[in-house]
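Okay, everyone, thanks for coming. Let me put today's protein up on the screen.

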Amino acid sequence: GQELLENTTDSTNTSSGALIVSGGAAVKKNLNVGGDFGLDGNANVTGVTTLLNTSQSTSSSDGALIVDGGVAVQKNLNVAGISTVLNTTDSTNTSNGALIVDGGSAIKKNLNVGGVANFGDLTNATATNAAGVTIEGGLGVAKDIVVGGDLKVLGTFEFEYTGISVSTTQESTSTDTGSVIAAGGVGIAKNINVGGNGTIWS
């Protein structure tokens, strides 16, 4: 039958309370606790653990689940709300920072980076889909671009605001030498000024 303990002494540790058990306790069915649940040892749970508390988390010290130490998860982690990493460690390479991911990262929407973005892949660009960084859409750059290697444009190269300034001073002695070499024709709608000799090969 049922066992009823009428003693209402609260428990604050393993040696106080209305019921004190020096050894282990085996419970084959449900266990309902109306107050706080304190555990000094490990908790081994073979079934699904459900937390019914719906408290929102706004910092590392509040929410439905608060863990003072680390958390190890061996399988998938699905978060329906916003994930915030409060650690402010800066990143200088792929092995340090507030968030470190050993594998790839798939992002379906916008990515906003407030600091410098460094890409460590050294693959040289041989096509629009073969390079250290590839972009399927367009690229808008509000400031200067510095290119350490060759610049190859497969489409039209247009300048809307300022002209083209070439800083190299290589002399031209033929159609395939000089600071600027055009394999095809050149169409010029306005004036052209040449400071040196002009040779036309027909």
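I'll go through overall shape, then burial, then one pocket.

Quick housekeeping: this is a predicted model, where local features need pLDDT of at least 70, side-chain atom pairs count only at pLDDT 80 or more, and totals for chains, interfaces and linings use all residues. Residues are numbered from 1 along each chain as its sequence is written, and side-chain values use heavy atoms, with hydrogens and water left out.

So, shape. The C-alpha trace spans about 115 × 30 × 25 Å along its principal axes. The radius of gyration, taken over C-alpha atoms, is 34 Å. A compact globule of 202 residues would come in near 17 Å, going by the rule of 2.2 Å times the number of residues to the power 0.38.

What about helices and strands? Zero of each, counting DSSP runs: H or I over at least four residues for a helix, E over at least two for a strand.

How much of the protein is buried? Just 2% of the 202 residues, with buried meaning under 20% relative accessible area with a 1.4 Å probe, protein chains only.

On to contacts, meaning heavy atoms within 4.5 Å. Of those with a separation of 6 or more, 12% join residues 24 or more positions apart.

Last, the second largest pocket: 36 residues line that one, and nearest its centre are Ser 57, Leu 65, Val 71, Leu 77 and Val 79. A pocket here is an open set of points on a 1 Å grid over the protein atoms alone, where a 1.4 Å probe fits, with protein on both sides within 12 Å along at least five of seven lines; lining residues have an atom within 4 Å of a point.

Methods. Buried means under 20% relative accessible area, exposed over 50%, partly exposed in between (1.4 Å probe, protein chains only).
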